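Work through the exercises below with the structure open. Each task is followed by a stepwise solution.

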Amino acid sequence: MAVPKRRVSKARRDKRRSNVWKLDVPALEKCKQCGELKRPHRVCPDCGYYNGRQVIVKEA
């Protein structure tokens, strides 16, 4: 059976198939010092600790 060749344009089809528009949720982990959520491999914005050491002095 015959099927129309260009019912949807190639650009429109390829935009739909691309994965550019799909965003990932950033990974979060609990800080070992204060228990707040933070991004991995970064200094905790709440307490200033990284890898068990105080890197940034925060006011209490």
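**Exercise 1.** In this predicted model, state how much space lies in the largest pocket and describe its lining.

Solution.
- Step 1: the volume. The largest pocket holds about 260 Å³ of space.
- Step 2: the residues. Its lining consists of Glu29, Lys30, Cys31, Lys32, Gln33, Lys38, Pro40, His41, Tyr49, Tyr50, Asn51 and Gly52.
- Step 3: the elements. At least two lining residues come from β1 (29-30), and at least two from β3 (49-50).
- Step 4: the chemistry. By class, the lining has 4 nonpolar, 4 polar and 4 charged residues.

**Exercise 2.** Find how many disulfides the whole structure has, then examine Cys44 and Cys47.

Solution.
- Step 1: the count. The search returns 0 disulfides.
- Step 2: Cys44. The closest cysteine sulfur to that of Cys44 belongs to Cys47, at 3.6 Å. A disulfide requires sulfur atoms within 2.5 Å, so the Cys44 sulfur is too far away for a bond.
- Step 3: Cys47. For Cys47, the nearest cysteine sulfur is that of Cys31, 3.6 Å away, and Cys47 is in no disulfide.
- Step 4: accessibility. Buried means under 20% relative accessible area; Cys44, at 1%, is therefore buried, and Cys47, at 14%, is buried too.

**Exercise 3.** Locate Cys34 and list its contacts beyond four places in sequence.

Solution.
- Step 1: position. Cys34 sits in the loop between β1 and β2 (37-38).
- Step 2: exposure. With a relative accessible area of 36%, Cys34 is partly exposed.
- Step 3: contacts. Beyond its neighbours within four places in sequence, Cys34 touches Cys44, Asp46 and Cys47.
- Step 4: separation. Cys34 and Cys47 lie 13 residues apart in sequence, with 6.6 Å between their C-alpha atoms.

Key: Residues are numbered from 1 along each chain as its sequence is written. This is a predicted model: local features need pLDDT of at least 70, side-chain atom pairs count only at pLDDT 80 or more; totals for chains, interfaces and linings use all residues. Side-chain values use heavy atoms; hydrogens and water are left out. On a 1 Å grid over the protein atoms alone, a cavity is a set of points where a 1.4 Å probe fits but cannot get out, and a pocket is an open set with protein on both sides within 12 Å along at least five of seven lines; lining residues have an atom within 4 Å of a point. Grid points are joined across faces, edges and corners, and a volume is the space filled by probe spheres set on the points. Ala, Val, Leu, Ile, Met, Phe, Trp, Tyr, Cys and Pro count as nonpolar, Asp, Glu, Lys and Arg as charged, and the others, Gly among them, as polar. Buried means under 20% relative accessible area, exposed over 50%, partly exposed in between (1.4 Å probe, protein chains only). Contact means heavy atoms within 4.5 Å.
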